[in-house]
Number of protein chains: 2
Amino acid sequence: MNETTLCPRLAKAMDLIGKRWTGLILYQLLDGPQRFNEIESALPVSGRLLSERLKELEKEGLVERKVYSEVPVRVEYSLTEKGQALEGAIRNIETWATGWL
Amino acid sequence: MNETTLCPRLAKAMDLIGKRWTGLILYQLLDGPQRFNEIESALPVSGRLLSERLKELEKEGLVERKVYSEVPVRVEYSLTEKGQALEGAIRNIETWATGWL
DNA sequence: ATCATAAGTTACTTTTTGTAATTAAATATA
DNA sequence: TATATTTAATTACAAAAAGTAACTTATGAT
């Protein structure tokens with residue numbers, strides 16, 4: 001086990017995307033801003049992990065969180081420019097999936 | 001938690017790629033056929049998980065395993081056409097990583 | 001017989017996930 | 001006043017996956 005010449009940025013990207021549910025959450029957000037429950041309903045992910053993943057993605061600047069003080073509260077998540085920039089990669093995976101799986 | 005209309009192929013693709021080390025292993029194999037120890041040295045993955053991941057990828061038809069009965073034995077792993085077809089997605093992630101991380 | 005080497009596998013600990021119940025905040029209703 | 005509703009989480013605990021290091025297997029050279 002060593003890290004020799006592995007590009008740290010690629011390693012970080014793969015670590016982010018290669019985390020369970022992250023890819024699907026980003027894919028879901030390509031459809032536009034969505035609230036917590038919408039994402040939870042669209043994917044087979046539990047609230048616990050969805051919350052955790054969204055926090056990570058927000059911290060990494062891929063996702064933005066907006067709170068609307070309505071009743072009951074509404075929280076919307078959307079892709080930032082940085083997150084949106086992953087669309088090509090995600091669409092590529094989608095295309096591969098339909099062609100090879 | 002439900003699965004509503006989520007595309008099963010995309011879900012499977014994300015499950016494959018979204019498994020720790022899988023993305024980097026595939027990326028490494030884009031350089032051409034490599035033996036077990038080469039991959040292990042190039043990435044911060046342990047032999048235990050590398051072995052497990054390569055088995056999964058072989059089972060899914062993305063990677064081919066060839067044994068050369070030399071002394072000591074040589075085992076080479078390479079991408080199949082199906083695995084190679086992921087190059088676009090992987091390169092896309094690489095580009096994103098260098099641009100945004 | 002002993003050693004060397006590549007490619008794993010095993011045993012054991014730590015971390016991450018899955019699941020379900022619970023909480024917080026802000027009203028509306030009985 | 002007390003209870004109910006709804007969204008967005010958080011907590012507690014069990015199960016699964018990952019990290020680490022030592023061990024095994026196969027084959028032939030010394």
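**Exercise 1. Where is the place of Trp21(A)?** Then look at its backbone.

*Solution.* Start with the elements on either side: Trp21(A) sits in the loop between H1 and helix H2 (22-29) of chain A. Keep in mind that this is a predicted model. Next, check the backbone angle: Trp21(A) is not a glycine, yet its phi is positive, about 85°. To put that in context, most residues other than glycine have a negative phi.

**Exercise 2. Find the cis peptide bond in each of chains A and B, and place its proline.**

*Solution.* Begin with chain A, where the bond from Val71(A) to Pro72(A) is cis, with omega near -5°. Now place the proline: Pro72(A) belongs to the loop between strand S2 (63-68) and strand S3 (74-79) of chain A. Turn to chain B, where the bond from Val71(B) to Pro72(B) is cis, with omega near -5°. Pro72(B) is found in the loop between S2 and S3 of chain B. As a reminder, most peptide bonds are trans.

**Exercise 3. Work out the strand order of the sheet in chain B, then add the helix that packs on it.**

*Solution.* Trace the strands first: three of them make an open, antiparallel sheet in the order S1-S3-S2 (chain B). The edges are strand S1 (34-35) and strand S2 (63-68) of chain B, each pairing on one side only. Now follow one pairing: S2(B) and strand S3 (residues 74-79) of chain B run antiparallel and are joined by six bridges. Within it, Tyr68(B) faces Arg74(B) in S3(B). Finally, add H2(B), which packs on the sheet and touches S1, S2 and S3 of chain B. The direction of H2(B) makes about 95° with that of S3(B).

**Exercise 4. Describe the largest pocket and the second largest pocket by volume and lining.**

*Solution.* Take the largest pocket first, with about 200 Å³ of space. Its lining has 17 residues, and those nearest the centre are Ala11(A), Met14(A), Asp15(A), Trp21(B) and Leu24(B). Two elements give two or more residues each: helix H1 (8-17) of chain A and helix H2 (22-29) of chain B. H1(A) supplies the largest share, six residues. Sorted by class, the lining holds nine nonpolar, three polar and five charged residues.

Now repeat this for the second largest pocket, which holds about 150 Å³. Its lining includes Asp15(A), Lys19(A) and Arg20(A), along with Asp15(B), Lys19(B), Arg20(B) and Arg53(B). Gly18(A) and Gly18(B) also line the second largest pocket. The class count here is no nonpolar, two polar and seven charged residues.

Methods:
Residues are numbered from 1 along each chain as its sequence is written. Chains are lettered from A and ligands numbered from 1 in the order in which they are written. This is a predicted model: local features need pLDDT of at least 70, side-chain atom pairs count only at pLDDT 80 or more; totals for chains, interfaces and linings use all residues. Side-chain values use heavy atoms; hydrogens and water are left out. On a 1 Å grid over the protein atoms alone, a cavity is a set of points where a 1.4 Å probe fits but cannot get out, and a pocket is an open set with protein on both sides within 12 Å along at least five of seven lines; lining residues have an atom within 4 Å of a point. Grid points are joined across faces, edges and corners, and a volume is the space filled by probe spheres set on the points. Helices (H or I, at least four residues) and strands (E, at least two) are DSSP runs, numbered from the N terminus. Ala, Val, Leu, Ile, Met, Phe, Trp, Tyr, Cys and Pro count as nonpolar, Asp, Glu, Lys and Arg as charged, and the others, Gly among them, as polar. Two strands pair if DSSP finds at least two bridges between them. Contact means heavy atoms within 4.5 Å. Axes are lines fitted to C-alpha atoms, for helices over the stretch in contact, and angles run from 0 to 180 degrees between N-to-C directions.
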